[in-house]
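Hi everyone, thanks for coming. I'd like to walk you through a structure that may be new to you, so let's put it up on the screen.

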Amino acid sequence: MKTINNIAVLPGDGIGPEVINQAIKVLNSIKQKYGHQWNYSYADIGSIAIDNYGDPFPEETLQICRNADAILLGAIGDPKYDNDPSAKVRPEQGLLKMRKKLGLFSNIRPIRVHQKMAHMSPIKEERLQNVDFVIFRELTGGIYFGKKKKAKKYASDLCKYSKKEIKRVAKLAYEMAKARKGRLTLVDKANVLESSRLWREVIRKMSIKYPEVKTEFLFVDNAAMQVIINPAQFDVVLCSNLFGDIISDEASVLVGSLGLLPSASRGKKHALYEPVHGSYPQATGQDTANPFATILSVEMMLRDFGYTAEADNIEHTFNFCLEQGIGTIDMGKQFDLSCSQVGDVMSVLIEEGENALRTNKLHERLSTII
Ligand code: IPM
Ligand code: MN
């Protein structure tokens with residue numbers, strides 16, 4: 001297993017830098033406690049990179065990412081681009097360019113409903129029992145990257161997939177299903193789309209090699225409904241790029257707050273970890289953003305690289321925070337800490353253990369908090 005030496009840190013736009021700062025506090029506490037020597041190399045992406053370099057994913061950033069073992073990203077996006085269809089460069093292009101250039105072909109978004117948070121979801125609590133699944137989204141192909149055309153009277157986007165592109169992401173999804181509950185659901189539109197029929201063909205063949213995994217097929221329209229009416233049925237959900245984009249936003253409402261959703265994007269050589277939420281420009285600089293999605297992305301990163309005790313520590317500490325009402329306001333009325341306070345509490349708890357809450361340690365270090 002690869003070890004971590006260098007981490008590329010890309011705070012990005014909006015609340016990105018704030019949530020990244022908390023994740024770095026947590027990483028520093030882990031470093032301290034377990035004696036690691038991780039270096040951070042900071043770089044720009046998104047709107048800030050357009051301001052500084054005229055490019056949302058400049059060469060400098062690409063090089064820093066290439067030289068890193070893992071990449072940690074905050075968020076990208078700025079409203080100044082949203083209502084300007086004529087803008088030639090956009091922050092989002094930085095994300096797409098990064099995915100393509102670094103070959104990050106699989107995007108993994110775990111959807112786990114914590115019982116303490118279930119009441120915050122608009123979905124009835126009884127439907128949220130035992131909801132724990134993972135969305136595997138193909139990230140560097142399909143309609144996002146197919147040939148685009150804008151003519152005078154029409155426009156088109158091509159959705160093209162090769163067998164190879166399907167296989168490489170499906171393999172990772174199958175491996176995960178094998179290690180989890182043994183179910184894989186392919187979400188597609190094979191009743192209409194030729195590219196979806198190819199996905200089914202490839203997955204059917206692969207399923208023979210994974211007899212311990214139960215393979216199922218769902219049309220995307222039905223899947224959109226099933227995610228709401230019976231989300232506990234899923235284990236690993238495999239989707240093409242666009243379907244995965246849509247289904248993962250939909251699934252995020254199950255969890256109660258978008259601020260709790262981490263993600264990983266992996267390729268052959270590189271791996272990127274980022275919160276699922278965007279740059280939330282209205283909250284920029286207010287210290288109100290929820291840093292847990294980024295902190296849990298750090299947990300995913302450490303787990304991927306085999307730092308199991310370290311990842312378990314973050315997971316336990318996060319669960320403890322939920323129980324103790326330590327969190328930001330988007331998580332419910334009883335959670336009333338700021339973004340930076342959550343980072344401070346997490347890092348003290350990681351270093352000192354849960355006793356920090358009961359002893360004076362937390363009070364000493366965080367006299368302004370509790
Ligand atoms: C996501 C985002 C991006 C996507 C946008 C910002 C380009 O929605 O990561 O899900 O569509 O992939
Ligand atoms: Mn999206």
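I'll start with the ligand, then go to a pair of aromatic rings, then two backbone oddities, and finish with some distances. One thing to keep in mind all the way through is that this is a predicted model.

Okay, the ligand. Which residues surround ligand 1? Going along the sequence, we have Glu 92, Leu 95, Arg 99, Arg 109, Arg 137, Tyr 144 and Asp 245. If you sort that shell by character, you get 5 charged residues, 2 nonpolar ones and no polar ones. Tyrosine is counted on the nonpolar side here, by the way.

Where does the shell come from? Helix 5, which covers residues 91-101, gives the most, with 3 residues. And the shell draws on two domains: at least three residues come from domain 1 (1-105 + 262-370), and at least three from domain 2 (122-255). Notice that domain 1 is written as two stretches of the chain, 1-105 and 262-370.

Now let's look at individual atoms. What lies 2.5 Å from an oxygen atom of ligand 1? That's an N or O atom in the side chain of Tyr 144. Arg 99 also has a polar side-chain atom 2.7 Å from a ligand 1 oxygen, and for Asp 245 the figure is 3.0 Å, again from a polar side-chain atom to an oxygen of the ligand. As for how covered the ligand is, ligand 1 on its own would expose 320 Å², and the protein buries 73% of that.

Next, the aromatic rings. The model has 5 aromatic pairs. I'll show you one of them, Trp 38 with Tyr 307. In general, you describe a pair like this by the distance of the centres and the angle of the planes. Here the centres are 5.4 Å apart and the planes sit at 80°, so with the cut-off for edge-to-face being over 60 degrees, this pair is edge-to-face.

What I like about this one is where the two partners sit. Trp 38 is in the loop between helix 1 (16-34) and strand 2 (39-42), while Tyr 307 is in the loop between helix 10 and helix 11 (308-324). That's 269 residues apart, and the pair links those distant parts of the chain. Are these two buried or exposed? Trp 38 has a relative accessibility of 3%, so it counts as buried. Tyr 307 is at 11%, so it counts as buried too.

On to the backbone. As a rule, most residues other than glycine have a negative phi. Let me show you two residues with a positive one. Asn 130 has a phi near 60°. You'll find Asn 130 in the loop between strand 4 (106-112) and strand 5 (132-138), and because its relative accessibility is 61%, it counts as exposed. Then there's Tyr 280, with a positive phi of about 40°. Tyr 280 is in the loop between strand 12 (271-275) and helix 10 (292-304), and with a relative accessible area of 46% it is partly exposed.

Last bit: distances along the chain against distances in space, all C-alpha to C-alpha. Take Arg 66, which is in helix 3 (residues 59-66) and is partly exposed at 39% relative accessibility. How far is Arg 66 from Lys 269 in space? They are 203 residues apart in sequence, and 8.7 Å apart in space.

Now set that beside Pro 122, back in the loop between strand 4 and strand 5. Pro 122 is exposed, with a relative accessible area of 68%. Pro 122 and Ser 162 are 40 residues apart in sequence, and they sit 38 Å apart in space.

Two more, from helices this time. Ala 251 is in helix 9 (residues 241-252) and is buried, at 0% relative accessibility. Between Ala 251 and Gln 226 there are 10 Å, with the two 25 residues apart along the chain. Ile 20, in helix 1, is also buried at 0%. Ile 20 and Asp 69 are 49 residues apart in sequence and 17 Å apart in space.

That's the tour, thanks for listening.

Notes:
Residues numbered from 1 in each chain as written. Chains lettered and ligands numbered in written order. Predicted model: local features only at pLDDT ≥ 70, side-chain atom pairs only at ≥ 80, totals over all residues. Heavy atoms only, no water. Helix = DSSP H or I, 4+ residues; strand = E, 2+ residues; numbered from the N terminus. Buried < 20%, exposed > 50% of the residue type's maximum accessible area, 1.4 Å probe, protein only. Near = heavy atom within 4 Å. Polar contact = N/O pair within 3.5 Å; in protein donor to acceptor, adjacent residues only side chain to side chain. Areas by Shrake-Rupley, 256 points an atom, 1.4 Å probe, with all protein chains shown as cover. Domains from an automatic or database assignment. Phe/Tyr/Trp six-rings, centres within 6.5 Å; stacked < 30°, edge-to-face > 60°.
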